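Hi,

Here is the model I promised to pass on. Have a look, and my notes follow underneath.

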Amino acid sequence: MNFSIKPTQVDKIETDVLVVFCFEEGIKELSDLDQKMAGLLMISAQKENFTGRNSEKLLISSKEALCAYKLLVIGMGKKEEVDLNSLRKILAETTGFLRTMKIKNIAVVVDDHLSHKYPPNEVVKTMTEAIMLSSYHFLKYKGEKEKNDYSVLEEVIFQIKPGQISQANNGIDDGKIDAEAAFFTRDLVNEPASVTTPTHLANVALKIAKESKNRIKTRIFGTEELEKLGMEAYLGVSQGSIEPPKFIRLEYKPTRFNKKIVIVGKGITFDTGGLSLKSSEHMESMKSDMSGAAVVLGVFQALKYFDIPYQVVGLIPACENMPSGKALHPGDILRAANGKTIEVLNTDAEGRLTLADAFSFATKYEKPDYLIDIATLTGACRIALGEDIAGLWGNNQFLIDKLREASKNSGEMVWQMPLPKEYNELLKSHIADLRNIQIGKYGGAITAAIFLSEFVDETSWAHLDIAGPSYAEKPSPLIPVGGSGFGVRMLLRFLKDL
Ligand code: BES
Ligand code: ZN
Ligand code: ZN
């Protein structure tokens, strides 16, 4: 897909479809274009009762009055209600609509109202992102015919005012980096667990470093080193599998920096539940239990391309959760690397065990200013917030607010959840310091977050439970069925705006 900028007059742009926006009751603002088309636009709008309501479409042949073959007018709804998130959604829908018509080339007129309301680079970035994200498809395992039949846009021109060329070019570059990072994450999540083993994730991390021109360093810790580090909780989860665990550390370190941020991604490459075996239905999508890890890798993939003044470390405790003769038994007691003992009453609450050791490592050896984890941690979070919203917890409101701001910008929704001290009781064990599942059955996403908080010491920390939005079970304009890449664009935004 090729993006370019043209400050040419709208009627002079050669393309298959010229896309223009129209706000509700603002159709008169298209009178210049209408004049060029000898009134055809207004006549069609009237005939088809088009008034610019949100997502409305008016497709007309330009009858050679324009250099474009067709004109597509997109309804944007009320001016005061439109924002970058609604723009992203409408443009994603439009891209899907154009795909069904097998259109290859389009030109989008960057609307004046939008480029006054928001910086033009942000508008163009959002548009680039929307067009790319909605064109994503994972066809690796499909036949040639289906691969060839899948039509994507090839050429996208943004028509802008001459004074905005360099801003618009930056917008295209930023949008591409963000969308490609999300693709990277989506691809990893969509691959089956037989491919994305812990060793595979480690190799992906090594490849990112290798291709980064020394901007990113990767180190992999194997079983022996993990034993030396005392990561019994993480090793316990891994012990039922024949796949060896790989603890992955990625680092971006600019010459000058004033903050250090550690991002931990849950990397269970397949979650069967272990001996507390999941039902077939619940196991179906568990190849996606490494979505947090895939987000961390997506973030580092993007960090190859732009500078930020912070040191960023990614940690991924990757392993597989399998039942076997060597697997953890319910009732086993494990000692995490920070010395705390955990009674494992349910081997399906495994993510928190791996994160406990990654946090212990982070607080002991990394000493970050901010520690963020991103994890498909609990089904309970999906029940609480649904499939589109991630749960957000933390012990530092500044950090939480920064993540909320970033989420508003990227359009990946989060909702802050509580860490009530009153619930600490629910994680007390008779025999160890903690139990890995709560007493009773309600509030499981909260007690999981409380469990994690036991391993962060005084570090400023935030936790994102992405069990809901990491994997789309139904398609939407921006996301086909499968890995969504949720969190990558938000975290990149967070890193840029901190
Ligand atoms: N990986 C799951 C959580 C999950 C569920 C992610 C659905 C995505 C979609 C996690 O390891 C898990 O199994 N959690 C258990 C915890 C329970 C045993 C306390 C759960 O949510 O049922
Ligand atoms: Zn589990
Ligand atoms: Zn899991």
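The zinc ion (ligand 2) takes its protein donors from Asp271 (OD), Asp348 (O and OD) and Glu350 (OE), at 2.0 to 2.2 Å; donors here are N, O and S atoms within 2.8 Å of the metal (3.2 Å for Na, K and Ca), and with water not among the atoms, sites may look incomplete. This is a predicted model, where local features need pLDDT of at least 70 and side-chain atom pairs count only at pLDDT 80 or more, while totals for chains, interfaces and linings use all residues. Residues are numbered from 1 along each chain as its sequence is written, chains are lettered from A and ligands numbered from 1 in the order written, and side-chain values use heavy atoms, leaving out hydrogens and water.

Back to the metals: Asp271 coordinates both this zinc ion and the zinc ion (ligand 3), which are 3.2 Å apart. Asp271 sits in strand β10 (residues 267–271) and Asp348 in the loop between β13 and α13 (351–366), so the pair ties together parts 77 residues apart in sequence. (Strands are DSSP E runs of at least two residues and helices H or I runs of at least four, numbered from the N terminus.) Asp271 is buried at 3% relative accessible area, whereas Asp348 is partly exposed at 23%; buried is under 20%, exposed over 50%, partly exposed in between (1.4 Å probe, protein chains only).

Elsewhere, Lys402 in helix α15 (residues 397–410) also counts as buried, at 17% relative accessibility. Beyond its neighbours within four places in sequence, Lys402 is in contact (heavy atoms within 4.5 Å) with Phe494, Asp497 and Leu498.

Cheers
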